[in-house]
Structure formats: C-alpha cells, structure tokens
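Please open the model in your viewer and keep the sequence panel beside it. The stops below go from the whole molecule down to a single pair of residues.

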Amino acid sequence: MERTYINEAQKAIGGTVKVQGFIENLRNSKYMAFIVLKDITGKLQITVEKEDHPDLVDTIDKLTPDSVITVTGKVMENDYVKMGGVEMIPESIEIESIADALPIVRKEIAATKKKKAVERSSIDQRIDYRWIDLRTDENQLMFKAQSCFVNAMRKFLLDRNFIEIHTPKLIAAASESGSEVFKVDYFDRNAYLAQSPQFYKQMAMAAGFERIFETGPVFRAEKSYTNKHSTEFSGFDLEFSYITSYKDVMKMEEELLTAGLQAVKDNYGDQIKEMFGQEVIVPTTPFPVVKLADLYKGLEEEFGYTVDESEKGDLTTEAERLSYEWVKKHYGHEFLFITDYSAEKRAFYHMRDENGVPQGYDLIWRGVEITTGAQREHRYEVLKKQAEEKGLAEDVKFYLEFFQYGCPPHGGFGIGIDRLTMLLCGLTIKEAEFLFRGPNRLTP
C-alpha cells in the first residue's frame, strides 16, 4: 500500500490507509495508547485499545517521542478527538527509527501541579541540534511561507519575460568593494566567494538578455553580531534593461513584493497570525518615498533624533529603526523607499545625476533594510572614472570590459530571502535561516 499524507488521510473516513511520520505526543497507559503522528501536512491521532490489539502492545512499549513509525489502519470519525474529530484505529505499527531522549527543549513547557515549568533551550543550543528544532509546527510553517513567497516572486518575473540565470560564486576579483570577502585557495591562486551576483547580472544585460533574475547563496565576511546579519544567506536578485530611471526599478520591486505578500497571505496568513502573532499585510502601491536628508529632518522633529553631519550621507541603524515609526505615522505603511544617499556611501557602479547624486535607493520594511537598488552606470568611460575614484579600477578590470562593446541602460536590486522571512514572522536571523552561519557558527 502506498503512503497517504495525513491531510489526505483525514478525509478518507471509513477507508484503510498507510501513514508515516514522527511521534509528536505519546500517552501509553495500561489499557489504552494514544499517539499523535505528525508529517509535513498535518497531525493524526492513532488510538489503540490494547485489549483489541494485543499484538501491538510490545511495539508500542518501545516507542518514544520523535520516533518515526509507519501505521496502517482505518480512519474513523470520533467527536471526542480534538484534532478535527478524526482518529485512526491501527492494524499494524512498524517502527522505522527509535529516538533517544532529545538534547534540547524546543518549546517552553508550562508548570503543572506535579511538574515544574521547563524553560526553552537557547537559540544557540537549538541551532546545535537544528534538525530537531526544525520539526516544530512554527519552523515548518516558516519555510512553507518562504517557499510560497519566493515562488510567487519567481512567477511574477517569469510572467514578465524574465530569464532565470545561475552565476558563479567563485570569483577571481574581490567582488564589489574589495572588502568583506572570503578568500579561498583555488589551485595555484586565490579566489573569493561572491558578495553578490551583481557583476554577472550586468554582464547578462550586456549580453542582451534584457530581464534576468537569480536565487542563490551570498557570502559576506562581516564580523557582525546582530539579529539581522549572517555570513551566508540566500539572495533574490534581478536586473532589467531599457529603463528610463531608477524609479522604474522601484516600481518593479514594489509590485514584486506585493505579489509575494499577497500569495503568502492567501495561503498562510491565518496560520502566521496564529503561530507568530504577525499580521501579513499586503501593501498598497506606490510605496512611500523620502529623500535621506528629509528623513533625518523628520526624525529630528518627531523623535529628537540627531546625527553628526558626517553621518548624514548614509542611514544609521537607529534611523533605520525609527523610520518604521515615521512611515507608519505619516503614511500608514510598512515599507519606505529612501533616496539621495551620498556618492561616497554608494557603490561605484551606481549612476549619478548631474549633481553627483546616486540614482538609487534603499528599501526599508518594518524598520529593517531589505534592499539596495539603483540604475547602473552603463557608459564605459563614466563607469571607469567612478571605479578609479574609489581605487578599484584594476580590481574590476574584467567587469569594466562588459561595457566596452555596447550595453543598454539598466538597473536592478537584490533582496535577502532570509531577512524577508525574519521580518515576515517577527524573528531574528538565527531563527529564520534554515542553518545560520555567522562569525562563530560553521556547524552543523
């Protein structure tokens, strides 16, 4: 008999099916045994009256929480069963794997009359045994929602004639800025792990692909110990040609994110609200836009927040956080585009206007930066000069060649998928990544 997923088994009232999964809960008394079996689609109560099934008693006595079993039996309605009024009466139980006592506590256990409360293990302890921690409903919901979000964004782009590409992560030059890269041995020379697919996205524009996107790993050698930084994460990047302004890029991003959030809300909004206490809000478009200088002025007026003049060319972490309160108050919105950063703080390949202002933006969601986007400089001589200004001309010589033989005007952006997931569920980056990587974390 083929396996039936639990969500389908629950509908097969009166039928005999085979289900497989982890034991989430086990109550084994003298006369009865109750097993809550969980697979990726749901949970099912297995009810055993031992007098009716003496052949199953020895097997049941060997079972432990988180063991994996295969159960064949009849699905029955029972109004007394809390999980949808459905239970299974087993004909056979086969042990696939017996679990030892778990080394972590995945959820806080409340006190009872007989037992003290049990504190949840720390996030670092849980990451040590991440595969066990990931069995919880919350973690599995998080990755279902992430999958839905990314799939909706991919579909949005494919429907608009984008091509998916996959660029190399081993590169010869130390990427965009020459800093914050991981150096690796590459036969007889050094190579580096890519900070982003930026250069190759633009190469695709020079190749006439016109519209491309990529999902893949991104590496940042930053010794940051915050709740939003990691040394490896998953990026969602895109680039497209024949734009007239960076505003075209902003419009593409706001429509993309709106499509992604709509799909998440439709499929998992209620569950995210129930399990994480987070409302999935589908934003209205266009998103609010503010110049960086005007935001600092607003933050000073609203919150008395000031920074030194030397810092006003970029967004400080505290200003980033306060911008959420500001945009909610003035626009009733969760997203905020910030423009007009100083050229000193932006990448050399950002196009600048006649006043030297970079033609790009940051996008802030719920007080956290999720994107830097821009119109790129596609004119070879101008781009070469801007690279020279930052002392990078030799490092990016191969990249500059992409623009010597014709290249259309273009722009794009990148989004951190893990950071999106973190903000969607109201978590930290350690909790939101499948496996976190940081300065002190390289296992499991």
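Begin with the surface of the whole protein, which exposes about 22,600 Å², with carbon and sulfur atoms supplying 48% of that area; accessible areas here come from the Shrake-Rupley method with a 1.4 Å probe. This is a predicted model, in which local features need pLDDT of at least 70 and side-chain atom pairs count only at pLDDT 80 or more, while totals for chains, interfaces and linings use all residues. Residues are numbered from 1 along each chain as its sequence is written, and side-chain values use heavy atoms, with hydrogens and water left out.

Next, colour by burial: of the 444 residues in the protein, 49% are buried, meaning under 20% relative accessible area with a 1.4 Å probe and protein chains only. Switching to a C-alpha trace, you will find that these atoms fill a box of roughly 85 × 55 × 40 Å along the principal axes.

Now show the cartoon, where the protein has 13 helices and 16 strands, taken as DSSP runs of at least four residues (H or I) for helices and at least two (E) for strands, numbered from the N terminus.

Which strands should you select for the closed barrel? Five strands form it in the order 1-2-3-5-4, with mixed pairing, where two strands pair if DSSP finds at least two bridges between them. From one strand to the next, the twist averages 50°.

Finally, select residues 16-28 (strand 1) and residues 32-39 (strand 2), which run antiparallel and are joined by six bridges. Within this pairing, L26 stands opposite I35 in strand 2.

Terms used: Buried < 20%, exposed > 50% of the residue type's maximum accessible area, 1.4 Å probe, protein only. Axes fitted to C-alpha atoms, helices over the stretch in contact; angles between N-to-C directions.
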